Amino acid sequence: MTFSFDLLLEAILFGILLGGFYAAVSLGLSVSFGLLDIPNVAHPAVLLLGAYGAFSLGQYGVDPIVAGLLLMPVFFIAGALFYKTYYLVFERRGDAAAVNGLAFFFGVVFIIEVGLVIWYGVDQQSATAAYIGGSLELGDIRLPYRLLAAFSVALVMALALSLYLSKTFYGRAIKAVGQDEGALRLMGVDPVKVKQLAFGIATGVNALAGAVLLILAPIEPTMDRIYIGRTFCVVVLAGLGSMSGTLAAGLILGIAESIVLMFLGASWAPAVAFGLLMVMLGFRPQGLFGR
């Protein structure tokens, strides 16, 4: 393909919007894995569960983003209860970091996938909204409204989580619980309750992120596997637990993928996330914004 600055500009703009989507679907993992050190490989499956929840509400005329907002409290409560189970079965006995804890989350993935297949079938499902299918025209460049919506949601989510974690007492407790539980106990704070709150938040934001996924493309029960590498890449690239870093890392991945897709073809795009992950682990394991 002949090099073109117009194509490069289009790839960068498209990559920025795509990167916003990657950030949105990675923010929950940034909390559960980055701050709590929980090997939550079920994160993409819960994300997909949120997408199907938004799809179900969409059958009653509810906008996908509104549906995601409505589902957030439900997912928050489910996440908090789920962590309590995880704590009682694994963390309290010291098995959380072992193979048993990891196998537990793989089991959750399997249950969610099978449940979605039984309930919704294997056919793809999609959402309808006024902004899905339209584009913003900037000269010869067209930017899909659905990507603009995804980027806007990611920006708001990252800003809200950053402010909560840095400006509130429990937000700072969440950032500290993975580093020094003993210090939290000395301050009269129960680390288990803090982790339960944090995991509830991580699960709650997945509801809205799932709605963004539904906006972006049709969904089917096993597509969560596509996002395992990408979400972990974003979180590690950002530096574990950094919300603003997660947004920046999502943009980096999105731009890199878009450029590779534009100039080398779709077959090379999935390798970008794993390539960035390997480079980051080799040269800066703490991530771009980690300490």
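Begin by selecting helix H9, residues 226–238, where 11 of the 13 residues are buried, so that this helix is largely enclosed by the rest of the structure. The model you have open is a predicted one, and every value on this tour is computed from it. Colour the buried positions of H9 and you will pick out Tyr227, Gly229, Arg230, Thr231, Phe232, Cys233, Val234, Val235, Val236, Leu237 and Ala238. Just after the helix comes glycine 239, whose phi is positive, near 105 degrees.

**The charged pairs**

Stay on H9 and show the side chain of arginine 230, which forms a salt bridge with glutamate 257, the closest N and O atoms being 2.8 Å apart. This pair links distant parts of the chain, since glutamate 257 belongs to helix H10 (residues 243–264) and arginine 230 to helix H9, 27 residues apart. Are these two partners buried or exposed? Glutamate 257 is buried at a relative accessible area of 5%, and arginine 230, at 13%, also counts as buried, the cut-off for that class being under 20%.

The model has 2 salt bridges by the rule applied here. For the other pair, select arginine 225 and glutamate 113, whose side chains meet in a salt bridge with an N to O distance of 2.8 Å. Arginine 225 sits in the loop between H8 and H9, while glutamate 113 is part of helix H4 (residues 99–120), so the pair ties together parts that are 112 residues apart in sequence. In this pair arginine 225 is exposed, with a relative accessible area of 52%, whereas glutamate 113 is buried, at 8%.

**Along helix H4**

With H4 still selected, turn to valine 114, which is found in that helix and is partly exposed, its relative accessible area being 32%. Together with Phe110, Ile111 and Ile118, Val114 makes a nonpolar surface patch of about 440 Å², which can be displayed as a surface over those four side chains.

**The nonpolar core**

Next, hide the surface and look for the largest nonpolar core, which has 86 residues and in which Phe21, Leu48, Leu213 and Ile219 have the most contacts. Which helix gives the most to this core? Helix H8 (residues 191–216) does, with 15 residues. Centre the view on leucine 213 and, setting aside neighbours within four places in sequence, you will find it in contact with Phe21, Leu47, Leu48, Ala51, Ile219, Met223 and Tyr227. Tyr227 in that list is one of the buried residues of H9, the helix at which the tour began.

**Histidine 43 and isoleucine 38**

Move now to histidine 43, placed in helix H2 (residues 43–58) and counted as buried at 1% relative accessibility. Apart from neighbours within four places in sequence, histidine 43 is in contact with Val25, Ser26, Gly28, Leu29, Asn206 and Thr231, and Thr231 is again a buried residue of H9.

The last stop is isoleucine 38, in the loop between helix H1 (5–35) and H2, which is buried with a relative accessible area of 0%. What does isoleucine 38 touch, once residues up to four places away in sequence are not counted? Its contacts are Ser32, Phe33, Tyr83, Tyr86, Glu91, Phe105 and Phe199. To return to H9, draw a C-alpha to C-alpha distance from isoleucine 38 to valine 236, which are 198 residues apart in sequence and 14 Å apart in space.

Note on methods: Residues are numbered from 1 along each chain as its sequence is written. This is a predicted model: local features need pLDDT of at least 70, side-chain atom pairs count only at pLDDT 80 or more; totals for chains, interfaces and linings use all residues. Side-chain values use heavy atoms; hydrogens and water are left out. A nonpolar core is a set of buried Ala, Val, Leu, Ile, Met, Phe, Trp, Tyr and Cys residues joined through side-chain atoms within 4.5 Å. Buried means under 20% relative accessible area, exposed over 50%, partly exposed in between (1.4 Å probe, protein chains only). Helices (H or I, at least four residues) and strands (E, at least two) are DSSP runs, numbered from the N terminus. Contact means heavy atoms within 4.5 Å. Patches are made of residues with over 30% relative accessible area and no salt bridge: like charges are joined within 9 Å, nonpolar side chains (Val, Leu, Ile, Met, Phe, Trp, Tyr) within 5 Å. Accessible areas come from the Shrake-Rupley method with a 1.4 Å probe; for residues, only the protein chains shown count as cover.
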